[in-house]
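User: I would like to go through some backbone labels and the reasoning behind them. Please keep it short.

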Amino acid sequence: MSQLLVDHLLCEDGSTIDFEERASGLKESFIANQLVQERVFLVDWSERWDFVINCLGEAKIVNDQLVRTVPVISEIGTEQVTSDNTTFLVNPDAYDLFATELVKIQGKGPRQSESPNPAYEYAEITLRFTQPVYPILSDAEIGTTQDVYQSGGVTTPLRYVSSRGTRIYFEYPLKVGHLVYKDTGSYAVNAVEKKQGQILLAYTWHRVPSRTLGVCSQLDNILPAIGCCNSDFFDGWPPESLLLVNVSTFQYWHPDAQYTSDITFQFKHLDQSFAYDGIEYPLVAYGHNHFFRFHNGDSGVYRFTSNGDDTGYPTYSPINFMNLFQV
Amino acid sequence: MASIFVDNYGPVDYWERPNSPTESYQEGEIVVQRIYDTPWDTRWLFIRQVVGFATVVDDDTDGAYIQRTIPQAYFPDNFPEFLDTGPSNDGRWVYCTSLESVEGVKPTGWDTTYDVGTFELARCTFTFKSLPYRVLTDGEVTAYVNNLPTDVYIQDFASPELRPDPSINATYYDPPLYETRILRYVTKKIQPSSQHLVLPYGKMFFVSTDNKKIPSNNGINKLVSSADVIYTWHQVPSQDLNNTNQLKKIQAAIGTVNREPFDGYPAGTLLLTAVNNTPRRLIGGYYASDIELRMKYFNATDLYGKVLNVGHNWVLRFLYDANFTGPVPGNLDFSNSYQYTLLSANGSLSGRKLFDATWFRALFDVSTKDWNNLLVAPNP
């Protein structure tokens, strides 16, 4: 007979749900670089979905604020002893696993009511715990209810935001007549290409609740920002160095019947601070509104506007990227 | 034992099997499996009622419209409730989407007419899933639409000259069960995108302290925001194999912009670019299609990212004003820069526009009515 561990789950609203865990239900695996744990719980049938939702966490919009309940954590034993009595850490950097999927709910015990509203004495619930690629932190841990925090012109993603970057090279054509051969002083006959490094960055904001079914409602705020650059520091990137080039969404249901999106922002990062004679201009944005210019037989990067004055329109409007993360 | 009511037949009994249902949530989807036993002879009546179906009804008063029998919902006690306020307020969001198998239970003999075995019971395994579109009954739609105010299409522009189509200032009526309000069986997906505009040489300048206006050496790209808006109209019943008549009507609208505000998009901002048709058969053999309408949304923005509610017939134009003192937020008429301007064949409002305007609500109408005659009263 399998061993049952008795405990209770403390819910977000302060109530508790009693459960038993089937000790033999524990399964662990590591496939495709993903550490996975499955655990089996027995819960009163009428409380099964309250239990699942409290385990998987929630995200809701309440009074125009994003309110999150983070999923429960399953800690995996980190220290293992090998046959030669040496100790090694299974996962020394991050051993917390979060409840992310419901594998199955199966009714157990005598059936207590019939279709169309079937009910059983208790539910056997199999939950899967994984390690998401983004930080999951409670309000108490970060000291704010916001996923992305802004202070003093600096915007910083704190939780539920993942990022990845790919370095690319940008072909930057130069006009015929601006480069001369060293020995003869004659112009280069063909247009040549200068290489300017850029980074294609993708930030994904995870589990963002939507106000409407079928559409990510945040897109109304986000759409006009495509083609704009950052007016403030964003995650350490200087103003005007990030250009929002595209946005994509993945939409799905959360088990609490909340339609939810993962929103991916694709930015192009350009920093030309090193582009001129190796001189670095720290904390100054020589970003997307600065262009390469030949001037008096030399070259450099200069700001570019519709009237040749700082009052004119730049090519890419600077806006506050904090607005991208508002609900 | 429970029973389900079948139109023109009456109640059909069924029994849910022990250990049914099983519930799961993986990769953003609720999946429920339920196993029912039902009398063998009426199994397909039962199955059709659980899976749902749709037909076109032609009414002398309102013309053709779609009548739907919606699939069985999975919404037992203590199941999470969908709280999005809409035409249906009972919170259901998981529906039967497929019949996995039918197995005969307790053989009773042989049916010589169809040359198959007969059984006392049919054991039916159904899959229920959370759907990305609303599933509403005919009654729910009718009750909801009858409580809506009359559709009044008046463009919210400071000046009538700025309207993409100045003639749109009207009310009109379409019957509740026309699916023109896209209340049910329509999935909407928005894929943001952008397009590169190469700014003409000599229209923008390097900032310098010596007051020299130095143009760029190269063509400069500007990124302009847009979006692909994709509507999928599910299970559109048809009288012919490929929904040909419906597709012909939609085909005529390709390359046109929305004449009226549609689904919250201002007139002129949606351009119908393509249509995909996926033929299917509904349970009971009815021909049907899933029709995907692909539209390009463009709404010009000012320097501050504020939308100006002008669409595809408005094109970027460069201006120069020696007295320019600075940009004004939300002002369409910003000078010394680029400005969106209406383009027409003769340079006046009366000229033919680059993209003609058509009624986009008519794209979701299976009747043959002339939508130009649906206007019932011009607004003063």
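Analyst: What follows covers peptide bonds, phi angles and accessibility in this predicted model.

User: What makes the peptide bond between Ser115(A) and Pro116(A) cis?

Analyst: The omega angle. For the bond joining Ser115(A) and Pro116(A), omega is about 10°.

User: Where does Pro116(A) lie?

Analyst: In a loop of chain A. Strand E9 (96-113) is on one side of that loop and strand E10 (119-130) on the other.

User: How do you know that the peptide bond from Ser20(B) to Pro21(B) is cis?

Analyst: Again from omega, which is near 5° there. Pro21(B) sits in the chain B loop between strand E2 (10-16) and strand E3 (22-26).

User: What is notable about phi of Lys106(B)?

Analyst: Its sign. Phi is near 60°, so positive, and Lys106(B) is not a glycine. The residue belongs to strand E7 (residues 94-111) of chain B.

User: Why is Lys106(B) called partly exposed?

Analyst: Its relative accessibility is 48%. Buried needs under 20% and exposed needs over 50%. Lys106(B) meets neither condition, so it counts as partly exposed.

User: What is the phi of Asn309(B), and where is this residue found?

Analyst: Phi is about 60°, a positive value although Asn309(B) is not a glycine. The residue is in the loop between strand E17 (287-297) and strand E18 (314-318) of chain B.

User: Why does Asn309(B) count as partly exposed?

Analyst: The value is 23% relative accessibility. Buried would require under 20%. Exposed would require over 50%. Asn309(B) falls in between, therefore it is partly exposed.

How values were computed:
Residues are numbered from 1 along each chain as its sequence is written. Chains are lettered from A and ligands numbered from 1 in the order in which they are written. This is a predicted model: local features need pLDDT of at least 70, side-chain atom pairs count only at pLDDT 80 or more; totals for chains, interfaces and linings use all residues. Side-chain values use heavy atoms; hydrogens and water are left out. Helices (H or I, at least four residues) and strands (E, at least two) are DSSP runs, numbered from the N terminus. Buried means under 20% relative accessible area, exposed over 50%, partly exposed in between (1.4 Å probe, protein chains only).
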